[in-house]
Amino acid sequence: MQHEEESTLFGLMAEFETPDDLLVAAKATFAAGYRKIDGYSPLPVHGLGDAIGFPRTKLPWLVFCFGILGGICGYGLCYWVSVIDYPMNIAGKPLHSGPMFIPVTFELTILFAALSAAFGMFIANGLPQPYHPVFNVESFARASQDRFFLSIEADDPQFDLDKTRNFLNGLNPHEVAEVEN
Amino acid sequence: MNDSIYEESTALHPYLDTLQQRALIVGVLGIIATIVGYFTAHEQFFRSYLLAFTFWIGLPLGSIGILMIHHVGGGTWAFSIRRLLEAGSRTLPLMFFLSLPILFLGMHELYEWTHLEVVAHDDILLHKAPYLNESFFIIRTFFYFAVWGILAFFLNRWSLQQDKTTETYPTHRLQIISGPGIVLFFLTVTMASIDWLMSLEPHWFSTIFGVIYIVGMGLMTWGFMYLVALPLSRRKPLDWLITEQRLRDLGTFMLACVMLWAYTSFSQLLIIWSANLPEEITWFITRLEGGWQYIGYGMVLFHFAVPFLFLISSTMKSKTKLLSFLAIGLIFMRLVDLYWIIAPAFTKVPAEHGPSFHSTGITLHWLDLAIPIGIGGILISLFFSQLKKRILIAQNDPRFTDLFDSDKNHG
């Protein structure tokens, strides 16, 4: 019975009334050694990402590489079309006219970079995600309105239902709720 | 609050005095060299002088432009360097004074269209004569300085007024003047760039030329403000306001200007290169042969590619030492860009018929460095003396309190 209950438990979630409370709590939780934690807020809370130890995104590198790739594709396309596949004399200019290729190179750089940023973001953050346990807590609906939440997952090696609950209660929350899977 | 900022600003004066004196020493040495150059290398003198003038006027004009953008757009970055920008805008009178030698001594040396015997045999110049003539040129330059002077005057006056009152009308006035001010600013600086720089080769025209010049001024001003803001960020009273984030913002503005400069400069090349019309392409032919082309390639690399690659990374942008080097490098590249615009105009192979455009080759005179150093030293010294005249954080701006309530954990 006890075992079953624990396996269906996603974690604990504390509810806060202000972004500052959330930020203070997040820092304290991270300092206490919890790592599988997450914060939820209706508005961007400056510094929250750092407070919960959220890793810095590697997305810029992906975007940079795809940008370069787009540039190579753009220039390559122009070169293949104008020099190899369909050479045409335009205003007596050389077939390989660098300046003329730059606008397409530029546009494809932007296109590849932008698309990789958009899709890379979805892959990296796992959206769209139709089901997530935190929504099982009724009051969590207010996370998109006026309440701020901090969750500690049961998978965390330090997680112990009673101790963690006591710990969260000590952070001045409005309420601490169990999150069912 | 007001009192402590006053005391902290005053406490910074010895430091600013040192900077002011050092700049003044460099400036005076440069000016001595400039005067020597005036008597020993008369022909070269005004070419180098025009370079120095069109380069350094970027600081007061860039400051005025960025101030107006700040008043229209807001943003936390601007409050941290607002008094710096205002001090920059108050260096404008010096630049007006320095424009007089061009207007009254050097015009004939610099501008082909002032030679009436040349104009008389040139249909195009004859048609341009109602605009391009000496007296109208002088009147126009006076007019530009009048417009910029009025803008700078009110931007400074109302900002000072706001320090002394908690009512918000001075800020509203600043916002009201800045919208139309930006339009006027762009029009007058564009016209000034046509007068001072483009008319060196009076047959040539490019509609994007003024934008390139204005963006360059912006780039130079961001770079300069970064270099001043960095040491101030470690001292009271600006230490809590110029944070790492806001220094990074200045880097982002440099990135924006680098990209915009590259975009507009390349557009100018592409449009003229693809049309290949004789009256337009000759300007580039002069500048892409005889060694000038290496300066052109150098700019692609060091005015765009290298700073671009460093500035797109936010990790790199947080490295203040690296960004200082970049700022210095970019300011220097502004001088190189203007050199590439001005100097080749005087290296043309004379042609028997029609306008000449082939270049005799690259030139560099010691005055091309001496005069910019001289004027720069004086101007920067004036900048620091102006910076001391006011407390370093603008007070009572209603937007300021909204933005900084959370990080005012300051003694």
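**Exercise 1. Describe the fold content and overall dimensions of chain B.**

Chain B has 18 helices and zero strands. The model is a predicted one.

Step 1. Take the radius of gyration: for chain B the value is 22 Å, close to the 22 Å that the globule rule gives for 411 residues, so chain B is as compact as a globular protein of that length.

Step 2. Add the extents. The C-alpha trace of chain B spans about 75 × 45 × 40 Å along its principal axes.

Step 3. Turn to burial and contacts. In chain B, 55% of the 411 residues count as buried. Of the chain B contacts with a separation of 6 or more, 82% come from residues 24 or more positions apart.

Step 4. Finish with the surface and the charges. About 17600 Å² of chain B is exposed, and carbon and sulfur atoms supply 69% of that area. Chain B carries 26 positive and 29 negative charges, whose mean positions are 10 Å apart.

**Exercise 2. Repeat the description for chain A, and decide whether the globule rule fits chain A.**

Step 1. List the elements. Chain A comes to six helices and four strands, and from the N terminus on they run α-β-α-β-α-α-α-β-α-β.

Step 2. Apply the rule. The radius of gyration of chain A is 25 Å, well over the 16 Å that the globule rule gives for 181 residues, so chain A is more spread out than a compact globule.

Step 3. Set the extents beside this result: the C-alpha trace of chain A spans about 80 × 35 × 30 Å along its principal axes.

Step 4. Check burial and contacts. Among the 181 residues of chain A, 31% count as buried. Residues 24 or more positions apart supply 79% of the chain A contacts with a separation of 6 or more.

Step 5. Close with the surface and the charges. The accessible surface of chain A is about 11500 Å², with 63% of it belonging to carbon and sulfur atoms. The side chains of chain A include 10 positive and 21 negative ones, and the centres of the two sets lie 10 Å apart.

**Exercise 3. Classify the ring pair A:Tyr75 and A:Phe101, and state what the pair connects.**

Step 1. Start from the total: there are 43 aromatic pairs over all chains.

Step 2. Read the geometry. A:Tyr75 and A:Phe101 lie 5.3 Å apart centre to centre, with 75 degrees between the planes. Planes over 60 degrees apart count as edge-to-face, and the pair is classed as edge-to-face.

Step 3. Place the rings. A:Tyr75 lies in helix H4 (residues 59–85) and A:Phe101 in helix H5 (residues 98–125) of chain A, so the pair ties together parts that are 26 residues apart in sequence.

Step 4. Assign the exposure. A:Tyr75 is partly exposed, with a relative accessible area of 27%. A:Phe101 is buried, with a relative accessible area of 4%.

**Exercise 4. Analyse the ring pair B:Phe145 and B:Trp148 and its surroundings.**

Step 1. Classify the pair. B:Phe145 and B:Trp148 are edge-to-face, at 5.2 Å centre to centre and 70 degrees between the planes.

Step 2. Locate the two residues. Both B:Phe145 and B:Trp148 lie in helix H9 (residues 134–164) of chain B, three residues apart, about one turn of the helix.

Step 3. Check the exposure: B:Phe145 and B:Trp148 are both buried.

Step 4. Extend the pair to its cluster. Ring pairs link B:Phe145 and B:Trp148 with B:Phe53, B:Phe96, B:Phe104, B:Phe142, B:Phe143, B:Tyr144 and B:Trp196.

How values were computed:
Residues numbered from 1 in each chain as written. Chains lettered and ligands numbered in written order. Heavy atoms only, no water. Helix = DSSP H or I, 4+ residues; strand = E, 2+ residues; numbered from the N terminus. Rg over C-alpha atoms; globule rule 2.2 N^0.38 Å. Buried < 20%, exposed > 50% of the residue type's maximum accessible area, 1.4 Å probe, protein only. Contact = heavy atoms within 4.5 Å. Areas by Shrake-Rupley, 256 points an atom, 1.4 Å probe, with all protein chains shown as cover. Lys, Arg positive; Asp, Glu negative; His and termini not counted. Charge placed at Lys NZ, Arg CZ, Asp CG, Glu CD. Phe/Tyr/Trp six-rings, centres within 6.5 Å; stacked < 30°, edge-to-face > 60°.
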